[in-house]
Amino acid sequence: MVVTNPLKLLTVAALALPLTTIYASDEEATFQYGHYEDGARNLINAQSGFKPIQVDSIQTNTKLKLSDRVRLAFNYTQDTWSGATPITTAPLAFSGNRQRIIAPKILSGASPYLNNNNIFVDKNFNPLQQDSKTGEFTKNLQLVHTLSTASPETRKQGDLRFGYDWDEASLDIGAGTSAENDYNSSFGNIGGRLDFNQKLTSVNFGTSYTTSDTEAMLDHDAVPYIEKSTFGTRVKSLPNGVKLLIGSKQDWSGSLGVTQVLNKSTLVEGSVSYTASNGYMSNPYKTMAVLFVDPAQKIGKNGQLNGSMLAFLEQRPEERQQWTENLRYVQHIDALDAALHFDYRFYHDDWGIQAHTISSDWIQPLGDGWSITPRVRYYSQNAANFYSPYLVSKQAVSKSIYNPETDKTTTTKYDPKLLPQNYSSDYRLSGYGALSGGLTVTKKFAKGLELQAGAEYYTHAGSLKLGGGGEGNYSDFDGYLVNAALKVDLAALSIANSTHNEHANHVHHHGAGAPAGIMFDHVLPKAGDFMVGYRYQYADQAGGSMDSDDDKNVVNNACAPNKCYVTPQEMSMNMHMLDLMYAPTDWLTLMLMPQFMDMHMTMRPLDGAPETPSMTTPLGAAIIHAGHEHTTGGVGDTGMYALFNLFKTDAQQINLSLGMTAPTGDAAIQLRDTHRVDLGFIHYGMQLGSGTWDFKPAVTYTANIEDWSFGAQLNGTKRMESYNKAGFAFGDIFQATAWGSYSWTNWLATSVRGVYTLEGALRGAYRGVYHQIGSMDYGRNYGGQFFDVGFGINATMPSGSLQGNRLGFEWLQPIQDNDTYQLPRNGALSATWSYAF
């Protein structure tokens, strides 16, 4: 085809887009990590001790060809966020961010001050600030956000897509789901492409449907001050006093686009899309500050009027229609072997928002597989027609009327019909502009391996709005994003394998390999070899007796000399790891293993526990908060290892692994303040890392006899520090394991494994605020002896386009738990993929 080279040239140029969003290969696997963080918010005259919003995310994408025409793709995204965010906006004179001191730091807005009955305005309803010494009033129009913070929360999303290719057309059908504590959605989509004009012209089309459900627990500290009556049955009260806001939403979307190759170096694209939404579209954590002023009241001696402020849950319209038009221009610069991308997007909806997005990036190869991609992006939007920083309602919040005939006084509340039907103070619906710039560095290795690293800086400001008139500088903030990605082009690897299949033969010759739960079982055979892999582990603990006698035992003994109030009911852990291996010499293999993990825990009250103290006390607040789900997530500790081959024959080998884990995982995560009380550190087992440098040696023996494989390993973890910065250290670990496997075919094997683990108790204790309310809060209840049996299955692709890829799965079933006050283990799953070249 005459267009093959230009199409390939332009597609490869598009590859360097940030976050690896465009793919050139039909078969590839991508793993990406990103970290975003807001800058500090401007609270004018208050100092915030809250951490800003932070988001840690991972993304995995896999694309496979099941045949020449059939494609399969799977995508998984997980992000964990925590930190402070604006809950509403109000005049600075209304004192929305109260300061309180918790030694040794100052916190502001720990309990958002959303109600105030001592507010003053002038006759034009402008806010007045009263001098506490002189009592004089001065007009103060300065606005400020009121902040509220949240404990860590995790969102998980997965989707699956099948595709079929004809000679000049393609069709894709996909579906997926997204889940988090307070929001769940499911979606399906259909898309396709039609090619014309010898594939110089392509028409793209698609449609999708999404259904979403919200079940949000209203903010502990803010809920007493929020006016909820306008939401009627949407707000439900649970037996424990928690307020839930519920709602559902549906979205229908459609898109149509055209791609045109103009010449061997130029491509243009244009598309339009439409989305119709209906249902609950408000943010359950945003409120609108409403100032009630009775205009009939007597004016004060200084010309002031007295008012009251209430906070209302925001109300957005329950219907929305959105249109988007996109243009893209891609130009390859032959003289520089570079590519320019230019994109423009115009968005508009029936909420009154019109937004312009202009972005551009330059992909510049540097030679030897290196390239850099600088990029810039500008965004501007006007405000939604129901946006306002705050509202003024010219009526009394309540009135008392005395009836002399009945000698009774009646109180009437404000008339809600005098309020707007819809209102929001969410800064994301205001008029503003945003400017960002970043750089991505890419290194492509031989045989289809690619590494990317990037950084981007973002600034949000009302003054950047196109044409001016944006929100005030109180809403300005900055942020940054860093990310790293590993991409493996499976198609390129299969081509390499067609001429160099030594590794595939090596794997087959040495049997089925170790079970998926085993690490450090092999070294790379010769200098210059690489291996990339992905490892997933899931562990679940749940159950335990619900018998009242057992509960009394826990109450009286697990927390001695104190009493226990709660006990864990369920705990799960998900861990994602990358295996990156390189052999600089024939006798040494280096291994780097970054980790990303998330934890989830629920608790229940114990029968026979002491009466719960008032929620206004630190202990009472901690016990009440234990009734809610706890989640953490982010980067775990990073492993660095050196593997040596001590002994090797055709049928046997002994390997030694010496390594360390660096304390890159957060071991000092704290819960959000609740009921104006500092809850301090989260439970030890919910931390993302050990917080200490850890030495991790291992010795592994493997043997093969025809279709049988055997192995044994001794490994351990030695904490190299007595305590971490938070004040504690997990116990040392010794583990012994042995396994046997049988190869049923040249590509499929099953295994059985036994495991013995000895783990020491946790040492030390948190330095700082920490409320011990259950067995999980005492170091002596950690560690012990454990016995497990594992059942695994391994598959190695001996030929074809996926030749050399290895997959493994193993389920580890506990057969004996430690006899302590720990949550029983239900089992653990390990899944691995690896490829050596």
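**Reading the labels on a predicted model**

Student: Why is C564 called buried?

Tutor: C564 has a relative accessible area of 0%. Buried means under 20%. C564 meets that cut-off, so the label holds. Keep in mind that this is a predicted model.

Student: What makes C559 and C564 a disulfide?

Tutor: The S to S distance between C559 and C564 is 1.8 Å. The rule asks for cysteine sulfur atoms within 2.5 Å. The pair passes, so it is called a disulfide. By this rule the count comes to 1 disulfide.

Student: Why is the disulfide called right-handed?

Tutor: The torsion about the S-S bond of C559 and C564 is about 95°, so the disulfide is right-handed.

Student: Is C559 buried or exposed?

Tutor: C559 has 0% relative accessibility, so it counts as buried. The cut-off is under 20%.

Student: Which residues does a cis peptide bond join?

Tutor: A560 and P561. Omega there is about 10°.

Student: Where is P561?

Tutor: P561 sits in the loop between helix 4 (548–558) and strand 30 (566–585).

Student: What is notable about the phi of F125?

Tutor: F125 has a positive phi, about 65°, yet it is not a glycine. The residue lies in the loop between strand 6 (116–121) and strand 7 (128–130).

Student: How do you know that F125 counts as buried?

Tutor: Its relative accessibility is 14%. Buried means under 20%, so F125 qualifies.

Student: And what about the phi of K199?

Tutor: K199 also has a positive phi of about 65° although it is not a glycine. K199 belongs to the loop between strand 11 (183–196) and strand 12 (201–217).

Student: Why is K199 called partly exposed?

Tutor: K199 has a relative accessible area of 31%. Partly exposed lies between the 20% and 50% cut-offs. The value falls in that range, so the label fits K199.

Student: What makes a set of residues a nonpolar core?

Tutor: The members are buried nonpolar residues, joined through side-chain atoms within 4.5 Å. The largest such core here has 45 residues. Within it, V566 and Y684 touch the most other members. Strand 30, strand 31 (588–593), strand 32 (595–605), helix 5 (618–625) and strand 34 (638–648) each supply at least two residues of this core. Strand 30 gives the largest share, 7 residues.

Student: Which residues is V566 in contact with, leaving aside its neighbours within four places in sequence?

Tutor: M603, R604, P605, L606, I623, A626, I773, G774, S775 and M776. Another core of 26 residues lies apart from the largest one, and M309, A355, A384 and A434 are among its members.

Student: Which residues of helix 5 are buried?

Tutor: G620, A621, A622, I623 and H625 are buried in helix 5. The buried residues of this helix pack against strand 9, strand 30 and strand 33 (630–635).

Student: Which residues make the nonpolar surface patch of about 870 Å²?

Tutor: Y164, W166, L171, I173, I190, L194, F196, F205, L256 and V272. Strand 9 (143–166), strand 10 (169–179) and strand 11 each supply at least two of them. Strand 11 gives the largest share, 3 residues.

Student: How do you know that F205 is partly exposed?

Tutor: F205 has a relative accessible area of 34%. That value lies between 20% and 50%, so F205 is partly exposed. Patch residues need over 30% relative accessible area. At 34%, F205 clears that threshold too. F205 is placed in strand 12.

Student: Why is L310 counted as buried?

Tutor: L310 has 12% relative accessibility. The limit is under 20%, so L310 counts as buried. L310 lies in strand 18 (residues 305–313). The C-alpha atoms of L310 and A289 are separated by 5.9 Å, although the two residues are 21 residues apart along the chain.

Student: How many helices and strands are there in the protein chain?

Tutor: There are 5 helices and 45 strands. Of the 837 residues in the chain, buried residues make up 50%.

Student: What share of the contacts with a separation of 6 or more comes from residues 24 or more positions apart?

Tutor: Such residues account for 70% of those contacts.

Student: What supplies the exposed area of the protein chain?

Tutor: The chain exposes about 37,700 Å², and carbon and sulfur atoms supply 58% of it.

Methods:
Residues numbered from 1 in each chain as written. Predicted model: local features only at pLDDT ≥ 70, side-chain atom pairs only at ≥ 80, totals over all residues. Heavy atoms only, no water. Helix = DSSP H or I, 4+ residues; strand = E, 2+ residues; numbered from the N terminus. Buried < 20%, exposed > 50% of the residue type's maximum accessible area, 1.4 Å probe, protein only. Contact = heavy atoms within 4.5 Å. Patch = residues over 30% accessible without salt bridge, like charges linked within 9 Å, V, L, I, M, F, W, Y side chains within 5 Å. Areas by Shrake-Rupley, 256 points an atom, 1.4 Å probe, with all protein chains shown as cover. Salt bridge = Lys/Arg side-chain N within 4 Å of Asp/Glu carboxyl O.
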